[in-house]
Amino acid sequence: MSKSCKLALLLGASAMALAGPSVAQDVPVEEEASSDVIIVRGIKKSVADSIDVKRNATQLIDAISAEDIGKLPDENVAEALQRIPGVQITRTFGEGQEVSIRGLPQVRVSVDGRTILGYSIKVSPPENERLGRSSGLDIVPSGVFSRLEVIKSPQADQVEGGLGGVVNLVTPSPFDFVEPAIGFSLEGVYSDGSDKVEPAGSFFAARNFFNDRLGFLLAVDYSGRTSTIDANERNNFLNFSVGDTNGDGMTDIRPDRVRMERIITDRTRLGVSLEAQLQATDNIVLFAEGLFASLETNRQQPGFQYRWANAFTPTAYDGNAIVAGDVSGGQFLTLNTLRNQPTETRLFALGGDYEAGRIKFGAEASYSEGTVDTTIQSPILISRSFDASFDFRGGAVPSLVFSDPAAVADIGNYDFLRTSLNSSFGELDEAAVKADLEVSIDGGFFQAVKVGGRYRDLGNTFNAFSDRFTAFEVSEFGSGVTLVNNGLLEGTGASIPSDYPILPILPSSFYTNGAATPNRTRDYDLSEKATAVYAMVDFENSIGSIPYAGNLGARYVHTDFNVETFTRLSDGSLTPVVDQNDYGNFLPSANVAFDLDDELKLRFSAARVLQRASTADLAPSLFINEANFTATGGNAALEPTLANQLDASLEYYFAPAGLLSAAIFYKDVSDLVANETTEQVFEGFEALGPISSVRPGNVGSAEIVGFELVYQQAFEFLPAPFDGFGVIANYTYSDAEASDVNGDPQPVVGNSENSFNLIGYYEKGRFSTRLAYNYRDEAAFSFTQGRPDFVDAVGNLDFQLGYDLTDNVSLSFKAINLLPDDSAINEYSASNSILQNSYALGESRYFFGVRGRF
């Protein structure tokens with residue numbers, strides 16, 4: 001189908017849905033009248049509030065209110081956002097961490113429009129932690145926010161960034177509350193893998209003083225969780241020099257290893273939000289806000305890796321890929337990695353707003369900071385040699401069968417290869433100032449003129465340290481060597497080694513320095529300054545009896561960038577290197593909405609959007625992970641990714657909790673960034689042989705066209721007791737056509753062509769329940785030697801049950817990821833699911849607790 005035909009399909013729109021734990025503004029089920037305020041809670045009311053945000057916005061926005069978040073079993077922001085049409089999420093450690101909007105993972109995350117910086121801790125590859133221009137959504141607990149917004153069409157007065165869109169997390173303000181408010185929640189969290197119950201809770205308080213001229217608000221959210229993930233990792237099918245072994249005239253590709261491990265993770269999350277507002281005069285409101293979030297991630301990863309060179313005999317093929325073989329004298333390594341990674345995020349803002357007559361003026365200064373402090377220890381045993389057979393044809397996990405399993409279990413057949421101690425510290429910080437002026441115009445086409453500017457200074461430093469020791473004999477570890485038989489990846493149908501020795505985690509006395517020495521080739525110091533100005537007009541008029549309103553504007557931003565790194569010369573010495581770049585971008589935007597009648601709205605928007613590469617991707621430093629046989633680094637020559645986009649939506653608001661909508665979207669993207677994997681031998685690490693080297697690059701351009709469909713309705717027209725039922729459903733189609741720098745076709749990283757949400761709920765009296773299913777199909781996530789790597793389709797089923805003991809206290813039960821096999825992360829090469837790269841099987845989680853508001 002041609003692009004013009006696809007654009008002619010006016011389908012797909014916006015909606016909201018629900019999810020996640022919060023007490024930020026959870027309110028009672030029935031309506032309670034008082035002299036000053038009506039307090040309402042419930043699924044239908046929360047859906048209606050979200051619809052109102054969408055309906056009244058001047059741009060394409062979907063929203064989730066705090067009442068929604070408290071009523072679905074989603075424990076963080078990303079998992080709440082996945083209910084919105086066009087939003088797809090990436091999970092790490094079984095929790096939502098990052099989002100894609102309309103097929104693009106380049107999304108800006110803000111809190112009340114301000115930058116929030118932070119680090120996202122990954123499972124695989126573990127050395128490639130994602131840091132950059134926004135915090136990972138798993139670090140910020142949803143309980144400190146009153147509303148989540150997904151902005152799909154920008155305005156000139158909003159901060160640039162976000163190729164797919166913007167996720168804006170809105171905190172409640174003291175002046176939002178007419179009466180004093182106190183809320184709490186207490187929960188127990190049970191995870192299948194850990195088989196233990198752990199605590200979670202939140203607290204919320206807001207009160208105004210001095211005739212409501214001074215207000216304070218505090219929100220606190222805490223959770224702890226131990227999880228277990230079984231993973232098959234890094235079996236990349238690569239172009240090795242095996243030649244044409246099956247006689248089909250093509251060079252064959254083969255896996256170079258089988259690696260499996262159990263990842264036992266302990267995560268503790270804390271979020272605190274504090275805000276003060278002061279009505280200084282009748283025209284001036286001052287504010288001070290602070291947000292703190294910490295996420296400590298500690299994990300142990302016992303497992304093994306079996307590697308072979310060309311000393312094997314192929315026994316099965318899939319095309320020109322060797323998928324089974326007999327190995328002679330392969331190396332079997334056992335590992336017991338320990339990783340400690342506390343991360344913190346801080347955001348402070350101070351400012352004020354002035355309003356008098358036709359004039360509105362606002363100014364503020366903000367500061368955001370994110371840190372990560374990582375320590376990694378990896379003691380490794382290596383076998384003298386074992387014969388084995390591998391087979392990738394049995395499903396998601398390859399089989400590995402040793403000729404002599406007893407020899408594998410015998411500690412006498414192993415040598416102490418090495419233990420490594422690596423540590424690093426990363427810090428991101430941004431200081432920003434902004435000012436906005438709005439002048440209203442009485443009568444006529446133009447309603448207001450808005451101008452403003454913003455300056456920000458972004459810094460990112462990263463310092464790494466490493467040490468290793470190889471002089472011990474295995475016998476010196478004595479009883480510390482344990483034989484592993486932990487049922488790794490049971491139930492997958494694969495034959496997996498179950499008895500093999502691993503070393504204990506070692507004390508600092510095993511290391512040459514007791515700590516670590518500087519690893520300068522990984523260090524960098526990055527600075528980026530950006531100055532932006534904008535002008536925008538609001539307009540309003542009618543065509544016949546059809547009123548319309550919108551805005552038209554443009555934003556110009558100039559960026560200066562430099563990064564300092566170290567390069568190792570052939571004689572082993574280090575020399576500093578400075579890379580610089582600067583560029584300017586003009587970003588026009590327009591939004592218009594037509595009220596066809598009281599219930600039907602038609603929207604159009606057009607804009608040019610920008611996404612700079614993440615700071616980690618821009619730093620051309622190098623990290624070689626000897627335990628994983630991988631190398632990673634950045635690329636200072638990356639260009640910002642730009643897109644021209646068009647949107648249209650038709651929205652039918654037929655009831656307070658009812659919406660039927662359809663929308664289309666189109667994006668023309670240039671200079672896409674994606675990781676590229678090659679095989680390389682590195683100086684000083686020749687003993688490792690060729691290892692996988694991963695660096696980002698501007699891999700080409702893309703066109704994305706798609707549609708969103710939304711239907712949600714409360715079935716109040718049915719006879720009792722069926723009038724408590726309701727449904728929320730949305731579907732997104734995203735067709736992405738990309739090409740590399742040579743014009744050859746390729747997939748767009750992060751884009752799933754089909755995704756949908758289906759949520760059924762029932763709410764009657766004091767009882768409520770909800771069942772939610774989310775699905776996205778396969779998506780490319782990286783490239784290996786020019787071939788795309790894919791992650792398979794995933795589906796998630798969540799359940800929630802609630803009962804109100806009184807008007808102020810309620811009980812809840814939540815079940816997350818009820819179908820762990822369907823949500824398992826399955827990565828494979830070259831669009832062929834037999835060519836397994838990795839597989840990670842998560843677990844189900846259960847929450848039970850009590851919440852209240854007074």
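**Exercise 1. Which strand gives the most to the nonpolar patch?**

Solution. Two notes come before the steps. This is a predicted model, where local features need pLDDT of at least 70, side-chain atom pairs count only at pLDDT 80 or more, and totals for chains, interfaces and linings use all residues. Residues are numbered from 1 along each chain as its sequence is written, and side-chain values use heavy atoms, with hydrogens and water left out.

Step 1. List the members. The patch consists of Tyr354, Ile359, Phe361, Leu437, Val439, Ile441, Phe445, Phe446, Val449 and Val451. Together they make about 720 Å² of nonpolar surface. Patch residues have over 30% relative accessible area and no salt bridge; nonpolar side chains (Val, Leu, Ile, Met, Phe, Trp, Tyr) are joined within 5 Å, like charges within 9 Å. Areas come from the Shrake-Rupley method with a 1.4 Å probe, and for residues only the protein chains shown count as cover.

Step 2. Assign elements. β21 (359-383), β24 (414-440) and β25 (446-469) each give two or more residues. Helices (H or I, at least four residues) and strands (E, at least two) are DSSP runs, numbered from the N terminus.

Step 3. Pick the top contributor. β25 gives the most, with three residues.

Step 4. Check a loop member. Ile441 sits in the loop between β24 and β25. Its relative accessibility is 34%, so Ile441 counts as partly exposed. The scale: buried is under 20% relative accessible area, exposed is over 50%, and partly exposed is in between (1.4 Å probe, protein chains only).

**Exercise 2. Give the strand order of the open five-stranded sheet and find its edges.**

Solution. Step 1. Read the order: β3-β10-β11-β6-β7, with mixed pairing. Two strands pair if DSSP finds at least two bridges between them.

Step 2. Find the edges. β3 (61-65) and β7 (114-115) each have a single partner strand, so one side of each lacks a neighbour in the sheet.

Step 3. Look inside. β6 (residues 107-111) pairs with β11 (residues 165-170) in the parallel sense, over five bridges. Ser110 has Asn168 of β11 as its bridge partner.

Step 4. Add the helix. α2 (residues 43-56) lies across β3 and β10 (147-151), at about 150° to β3. Axes are lines fitted to C-alpha atoms, for helices over the stretch in contact, and angles run from 0 to 180 degrees between N-to-C directions.

**Exercise 3. Place β45 among its partners and state why it is largely enclosed.**

Solution. Step 1. Take β44 (residues 794-804). It pairs with β45 in the antiparallel sense over six bridges. Phe799 is bridged to Ala815 in β45. A hairpin of four residues joins β44 to β45.

Step 2. Take β48 (residues 845-853). Eight bridges join it to β45, again antiparallel. Here Val809 has Gly852 as its bridge partner.

Step 3. Count burial. In β45 (residues 809-816), six of the eight residues are buried, so the strand is largely enclosed by the rest of the structure.

**Exercise 4. Where do three salt bridges sit, and are their residues buried or partly exposed?**

Solution. Step 1. Apply the rule: a side-chain nitrogen of Lys or Arg within 4 Å of a carboxyl oxygen of Asp or Glu. The count comes to 40 salt bridges.

Step 2. Lys152 and Asp62 meet at 2.8 Å, N to O. Lys152 is in the loop between β10 and β11, Asp62 in β3, and they are 90 residues apart. Lys152 is buried at 3% relative accessibility. Asp62 is buried at 0%.

Step 3. Arg102 and Asp647 meet at 2.3 Å, N to O. Arg102 lies in the loop between β5 (95-101) and β6, Asp647 in β35 (residues 641-655), so the pair ties together parts 545 residues apart in sequence. Both Arg102 and Asp647 are buried.

Step 4. Arg766 and Asp807 meet at 3.4 Å, N to O. Arg766 is in the loop between β40 (754-764) and β41 (767-776), Asp807 in the loop between β44 and β45, 41 residues apart. Arg766 is partly exposed at 30%. Asp807 is partly exposed at 26%.

Step 5. Look for a network. Salt bridges link Lys54, Asp62, Arg102, Lys152, Arg603, Asp647, Glu651 and Glu708.

**Exercise 5. Summarise the whole chain: how many helices and strands, and what percentage is buried?**

Solution. Step 1. The chain has seven helices and 48 strands.

Step 2. Of its 854 residues, 58% count as buried.

Step 3. Among contacts (heavy atoms within 4.5 Å) with a separation of 6 or more, 74% join residues 24 or more positions apart.
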